[in-house]
Amino acid sequence: MVRVINKDTELLSQKSVSFDLTSDADGELLRDMLDTAEAHKENCVGLAAIQVGVAKRVILVRMGDKFVPFLNPVIIHKSPQTYYADEGCLSLDGTRSVKRHRTIKVMWTEPNGKRRVREFNGFTAQIIQHEVDHCNGVLI
């Protein structure tokens, strides 16, 4: 089911709680997030659960032509090299200049329960940083 994109900055500023792989409600949330991201794919490169009104630590990151789920993502390392980028957000109007790290290392769980750790750079790292910020209640 496609959910409405949340634009309430008070709600968007809430910190998210852990995603539960064993919860039917969280499974439904993930399916709805995938439907919602696909419905907005012309403007969407990433989506956090809080953007559909649920404060859970789950994000989607567009990689190629599909959205990849990251459950309970945590950035465990950030490179000292940074840059500024103009970012937009489905939940906010306009763009804002944001400082991002060139390379990050992320730990997360896949929907099949497998734990992953991987380094990302470039635009993918930027998307992940933006979406993890949402999980932490940080708005651009």
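This is a short tour of selections to make in your viewer, stop by stop. The model is predicted.

**Stop 1: helix 2**

Select residues 24-39. This is helix 2, with 16 residues. Its first and last C-alpha atoms are 23 Å apart, close to the 22 Å expected at 1.5 Å a residue.

Now look at the start of the helix. Show Ser-23 as sticks. A side-chain oxygen of Ser-23 comes within 3.2 Å of the backbone nitrogen of Ala-25.

Which residues of helix 2 are buried? Colour Asp-26, Gly-27, Leu-29 and Leu-30, then Asp-32, Met-33, Thr-36 and Ala-37. Those are the buried ones.

Next, see what covers them. Select strand 1 (46-48), strand 2 (58-63) and strand 3 (66-78). These strands are included in the cover over the buried residues of helix 2.

**Stop 2: two residues of strand 3**

Stay with strand 3 and pick Lys-66. Is Lys-66 buried or exposed? Its relative accessible area is 53%, which is over the 50% cut-off, so Lys-66 counts as exposed.

Draw a distance from the C-alpha of Lys-66 to the C-alpha of Leu-34. The two residues are 32 places apart along the chain, and the distance is 9.3 Å.

Move along strand 3 to Asn-72. Here the relative accessible area is 18%. That is under the 20% cut-off, so Asn-72 is buried.

Check the backbone angle too. Most residues other than glycine have a negative phi. Asn-72 has a positive phi, near 50°.

**Stop 3: Asn-6 and Ser-91**

Go to the segment before helix 1 (9-12) and select Asn-6. Asn-6 is buried, with 10% relative accessible area. Its side chain reaches the backbone nitrogen of Asp-8 at 3.0 Å.

What does Asn-6 touch, leaving aside neighbours within four places in sequence? Show Leu-11 and Leu-12, then the run Ile-50, Gln-51, Val-52 and Gly-53, and finally Ser-91.

Ser-91 is the next selection. Find it in the loop between strand 4 and strand 5 (92-101). Ser-91 is buried as well, at 3% relative accessibility.

Zoom in on the Ser-91 side chain. It reaches the backbone oxygen of Asn-6 at 2.7 Å. It also makes a polar contact with the side chain of Gln-51, at 3.2 Å.

Now show the wider set of contacts. Not counting residues up to four places away in sequence, Ser-91 touches Ile-5, Asn-6, Lys-7, Leu-12 and Gln-51.

**Stop 4: helix 3**

Select helix 3 and display its ends. The end C-alpha atoms of its 14 residues are 20 Å apart. That agrees with the 20 Å span expected at 1.5 Å a residue.

How many residues of helix 3 are buried? The count is 10 of the 14, so the helix is largely enclosed by the rest of the structure. Colour them: Ala-125, Gln-126, Ile-127, Ile-128, Gln-129, His-130, Glu-131, Val-132, His-134 and Cys-135.

Pick His-134 in this helix. His-134 is buried, at 2% relative accessibility. Now add Ser-16. His-134 and Ser-16 are 118 residues apart in sequence, yet their C-alpha atoms are 8.2 Å apart.

Ser-16 is also one of the contacts of His-134. Beyond neighbours within four places in sequence, the others are Leu-12, Gln-14, Ala-48, Ile-50, Gln-51, Cys-89 and Leu-139.

Before you leave, step past the end of the helix to Gly-137. Its phi is positive, near 75°.

**Stop 5: the largest pocket**

Keep helix 3 on screen and add strand 4 (82-89). Each supplies at least two residues of the lining of the largest pocket. Which element gives the largest share? Helix 3 does, with 5 residues.

To find the centre, select Val-45, Gly-88, Cys-89, His-130 and Glu-131. Of the 15 lining residues, these lie nearest the centre of the pocket. Turn on a surface to look into the space, which is about 250 Å³.

Finally, colour the lining by class. There are 6 nonpolar, 6 polar and 3 charged residues. His-130 and Glu-131 make a good last view: both are buried residues of helix 3, and both are among those nearest the pocket centre.

Terms used. Residues are numbered from 1 along each chain as its sequence is written. This is a predicted model: local features need pLDDT of at least 70, side-chain atom pairs count only at pLDDT 80 or more; totals for chains, interfaces and linings use all residues. Side-chain values use heavy atoms; hydrogens and water are left out. Helices (H or I, at least four residues) and strands (E, at least two) are DSSP runs, numbered from the N terminus. The expected span of a helix is 1.5 Å times one less than its number of residues. Buried means under 20% relative accessible area, exposed over 50%, partly exposed in between (1.4 Å probe, protein chains only). Contact means heavy atoms within 4.5 Å. A polar contact is a pair of N or O atoms within 3.5 Å; within protein, one must be able to donate a hydrogen and the other to accept it, and residues adjacent in sequence count only if both atoms are side-chain atoms. On a 1 Å grid over the protein atoms alone, a cavity is a set of points where a 1.4 Å probe fits but cannot get out, and a pocket is an open set with protein on both sides within 12 Å along at least five of seven lines; lining residues have an atom within 4 Å of a point. Grid points are joined across faces, edges and corners, and a volume is the space filled by probe spheres set on the points. Ala, Val, Leu, Ile, Met, Phe, Trp, Tyr, Cys and Pro count as nonpolar, Asp, Glu, Lys and Arg as charged, and the others, Gly among them, as polar.
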